[in-house]
Amino acid sequence: MSPLSRSITRKTTNGPFLDKPVSREHQHLLMEAASRAPSHFNSQPWRFVLIEDKAKRERIAELGGSSMERLIAEGKFFERYRPYFRFSEQEMQERRDGILIDQLPGPLRPFTRQITSPGALGLLRALGVPKVLGEDNRKLIAGSPLLLAALLDKTEYRPGELSGFYSILGLGMAIENIWLTTVELGMGIQFVSTPMEIPEAWEEIKRILEVPDELELMAVYRLGYVPPEKPRPRIDWRSDHRKRISQYVFRDSCRTPERDD
Ligand SMILES: Cc1cc2nc3c(=O)[nH]c(=O)nc-3n(C[C@H](O)[C@H](O)[C@H](O)COP(=O)(O)O)c2cc1C
């Protein structure tokens, strides 16, 4: 196995999962992998909720769908994330970051370049794009056999203090361990982050999961087994490009970019 193969095979799954429950054994393996992450003083500040209950998954899916629809319709999504949208391979080759929108329904294709511009909001609404994206997102979440909530213990997670930063670092590494383990288990994982951008939606997820005052809800994911052939959503993207070493690594000081091979 090449030293890079583990990190290269890790990726985000944008499409649907198999309609098959994730075995308890696999769920526990993912949690065990999370717990192996480093944390300051081995404090293990992370907590997780494994969500299999159908009614809860559907309620979270509704929130995922409606928050996606709202973020697009109100223009906040493109306003915040416009710098990361790429519409051609050539554009991607220059910066090698962001996401390449490479799947759009026929009626939208002539407007490819305009879709993230502030003036295009009316057009997007007229073409029903917010609804399509919201509904696709709802279906993807509702059809995922397992949702996972990641939380932090507030005795360690104190925003603004170093222990708050350390806790976030530790949780990030725990999540990466889960992510890498999904690959080994034939599973996929995707962030469900749109509800996080709408405070009421995030509060509602906290209520659904009965998050107590001592814990902070940090992130939600959808997981499942990846189907052999991977049907793509109607509007889709890929983000397997990475910057060249010279674009993000320096040698000895921040003045000298590392040379590319
Ligand atoms: C904080 C954070 C939030 C993210 N939110 C989303 C999200 O809402 N939906 C999604 O599909 N991916 C989300 N991602 C995943 C990134 O889009 C993805 O990791 C990046 O495009 C690289 O693609 P890859 O994971 O396939 O390598 C998020 C990642 C991070 C770290």
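1. A handy definition to start with: helix axes whose angle is over 145 degrees count as roughly antiparallel. Please keep in mind that this is a predicted model.

2. Now look at helix α3 (residues 54–73) and helix α9 (residues 199–208). Their axes come within 10 Å and cross at roughly 175°. That angle is over 145 degrees, so α3 and α9 are roughly antiparallel to each other.

3. Which residues make the contact between these helices? From α3 come K56, R59, I60, L63 and S67, while α9 supplies A201, E204, I205 and I208. Sorted by character, the residues of this contact are five nonpolar, one polar and three charged.

4. Next, the domains. The domain assignment splits the chain into domain 1, covering 1–52 + 145–226, and domain 2, covering 54–138. Taken over C-alpha atoms, the centres of domain 1 and domain 2 are 24 Å apart.

5. How many residues of each domain are in contact with the other? Domain 1 contributes twelve residues and domain 2 eleven. On the domain 1 side, α9 gives the most, with four residues. The side of domain 1 that touches domain 2 divides into nine nonpolar residues, one polar and two charged.

6. Finally, try finding T9, which sits in helix α1 (residues 5–9). Is T9 buried or exposed? A residue counts as exposed if 12 or fewer other C-beta atoms lie within 10 Å of its own. T9 has 11 other C-beta atoms within 10 Å, so T9 is exposed. Along the chain, T9 and R255 are 246 residues apart, and their C-alpha atoms are separated by 32 Å.

How values were computed. Residues numbered from 1 in each chain as written. Predicted model: local features only at pLDDT ≥ 70, side-chain atom pairs only at ≥ 80, totals over all residues. Axes fitted to C-alpha atoms, helices over the stretch in contact; angles between N-to-C directions. Helix = DSSP H or I, 4+ residues; strand = E, 2+ residues; numbered from the N terminus. Parallel < 35°, antiparallel > 145°, perpendicular 65-115°, else oblique. Contact = placed C-beta atoms within 7 Å. Nonpolar A, V, L, I, M, F, W, Y, C, P; charged D, E, K, R; others polar. Domains from an automatic or database assignment. Buried ≥ 20, exposed ≤ 12 C-beta atoms within 10 Å, placed from the backbone.
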